[in-house]
Amino acid sequence: MAAVTGIHHINLRACGRDTWEKTVAFYTEVMGFTLYRQWDGRNGRNVMLKTGNCILEIMEEDMKRENGVIDHFALETDDVAALIEKVREYGCVIDKEAKSVVLHSEPEMPIDFAFFYGLCGEYVEIFKERKED
């Protein structure tokens with residue numbers, strides 16, 4: 001029986017050549033993704049970048065789009081505070097500063113997190129689940 005086994009990739013549509021180039025540079029140079037695939041699409045260049053089990057597809061196109069129905073995506077890291085500083089230095093808008101909380105779930109989950117807006121307008125969470133002894 002066919003079933004979903006995970007997320008294959010997240011897609012960003014970068015509006016224009018400059019935004020596409022800056023977005024690819026941001027996710028490779030700041031966030032640590034590596035080039036996985038690249039090709040020319042009908043509206044411009046396309047890449048798939050990979051880190052761990054996450055693939056991010058970035059497509060170049062000239063049309064502006066309104067925000068979609070996906071609220072955000074979360075990228076896991078081992079140091080939220082250090083990574084959000086790199087994001088800030090790159091010029092992204094920080095929406096929520098690095099914070100440590102305990103989610104009152106069953107069982108409780110201690111986390112560190114921060115949120116920022118990427119160059120395509122994407123809303124990104126930087127996330128770490130803390131393992132407490």
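Reader: Looking at this predicted model, how many strands form the open sheet, and in what order?

Author: Four strands make it up, ordered 1-4-3-2, and the pairing is mixed.

Reader: Which strands stand at the edges?

Author: Strand 1 (10-15) and strand 2 (34-40). Each has a single partner strand, so one side of each is left without a neighbour in the sheet.

Reader: And how are neighbouring strands turned against each other?

Author: By 20° on average, with direction ignored.

Reader: OK, in what sense do strand 1 and strand 4 pair?

Author: Parallel, over six bridges, with strand 4 covering residues 54-61. As one example of who faces whom, Ala-14 sits opposite Glu-60 of strand 4.

Reader: What packs on that sheet?

Author: Helix 1, residues 17-30. This helix touches strand 1, strand 3 (45-51) and strand 4, and its direction makes about 15° with that of strand 3.

Reader: Back to Glu-60 for a sec. Buried or exposed?

Author: Glu-60 counts as buried, at 9% relative accessibility.

Reader: Huh, a buried Glu. What does its side chain reach?

Author: The Glu-60 side chain gets to the backbone nitrogen of Arg-17, at 3.5 Å. Glu-60 also forms a salt bridge with Arg-45, where the closest N and O atoms are 3.0 Å apart. Glu-60 is in strand 4 and Arg-45 in strand 3, so this pair ties together parts that lie 15 residues apart in sequence.

Reader: How covered is Arg-45?

Author: Arg-45 is partly exposed, with a relative accessible area of 22%.

Reader: What else does Glu-60 touch, leaving out residues up to four places away in sequence?

Author: Its contacts include Ala-14, Gly-16, Trp-20, Asn-43, Gly-44 and Asn-46.

Reader: How many salt bridges are there in the structure?

Author: Nine. One of them joins the side chains of Arg-17 and Glu-21, at 3.9 Å from N to O. Those two residues are four apart in helix 1, so about one helical turn separates them.

Reader: Are Arg-17 and Glu-21 buried or exposed?

Author: In between. Arg-17 is partly exposed at 47% relative accessibility, and Glu-21 is partly exposed too, at 36%.

Reader: Any other salt bridge to point at, say which residue Asp-95 pairs with?

Author: Asp-95 pairs with Lys-96, and their closest N and O atoms are 3.3 Å apart. Asp-95 counts as partly exposed at 36%, and Lys-96 as partly exposed at 38%.

Reader: Which residues do shared salt-bridge partners join into one network?

Author: Arg-17, Glu-21, Arg-45 and Glu-60.

Reader: How far apart are Glu-21 and Arg-45 in that set?

Author: They are 24 residues apart in sequence, and 9.7 Å apart in space from C-alpha to C-alpha.

Reader: Staying in helix 1, what about Thr-23, buried or exposed?

Author: Thr-23 is found in helix 1 and is buried, with a relative accessible area of 1%. A polar atom of its side chain lies 2.7 Å from the backbone oxygen of Thr-19. Beyond four places in sequence, Thr-23 touches Leu-12, Ile-58, Leu-119 and Cys-120.

Reader: Switching to helix 2. Which residues are buried there?

Author: In helix 2, residues 80-90, the buried ones are Val-80, Leu-83, Ile-84 and Val-87. Seen down the axis they fall within an arc of 100°, so they line one face of the helix.

Reader: What covers them?

Author: The cover includes helix 1, strand 6 (93-103), strand 7 and strand 8.

Reader: And what's going on at the ends of helix 2?

Author: At the start, a side-chain oxygen of Asp-79 comes within 3.4 Å of the backbone nitrogen of Ala-81. After the helix comes Gly-91, with a positive phi near 105°.

Reader: Last topic, strand 8. How many of its residues are buried?

Author: Five of the seven, so strand 8 (residues 123-129) is mostly covered.

Reader: Which strands does strand 8 pair with?

Author: Strand 5 (residues 73-76) pairs with strand 8 in the parallel sense, over four bridges, and Leu-75 stands opposite Ile-126. Strand 7 (residues 109-117) runs antiparallel to strand 8, joined by seven bridges, and there Phe-116 faces Val-124.

Reader: What does Gly-121 do in the hairpin of strand 7 and strand 8?

Author: Gly-121 takes a positive phi near 90°, in a hairpin with five residues between the strands.

Note on methods: Residues numbered from 1 in each chain as written. Predicted model: local features only at pLDDT ≥ 70, side-chain atom pairs only at ≥ 80, totals over all residues. Heavy atoms only, no water. Pairing = 2+ DSSP bridges. Axes fitted to C-alpha atoms, helices over the stretch in contact; angles between N-to-C directions. Contact = heavy atoms within 4.5 Å. Buried < 20%, exposed > 50% of the residue type's maximum accessible area, 1.4 Å probe, protein only. Polar contact = N/O pair within 3.5 Å; in protein donor to acceptor, adjacent residues only side chain to side chain. Arc of directions from axis to C-beta. Salt bridge = Lys/Arg side-chain N within 4 Å of Asp/Glu carboxyl O.
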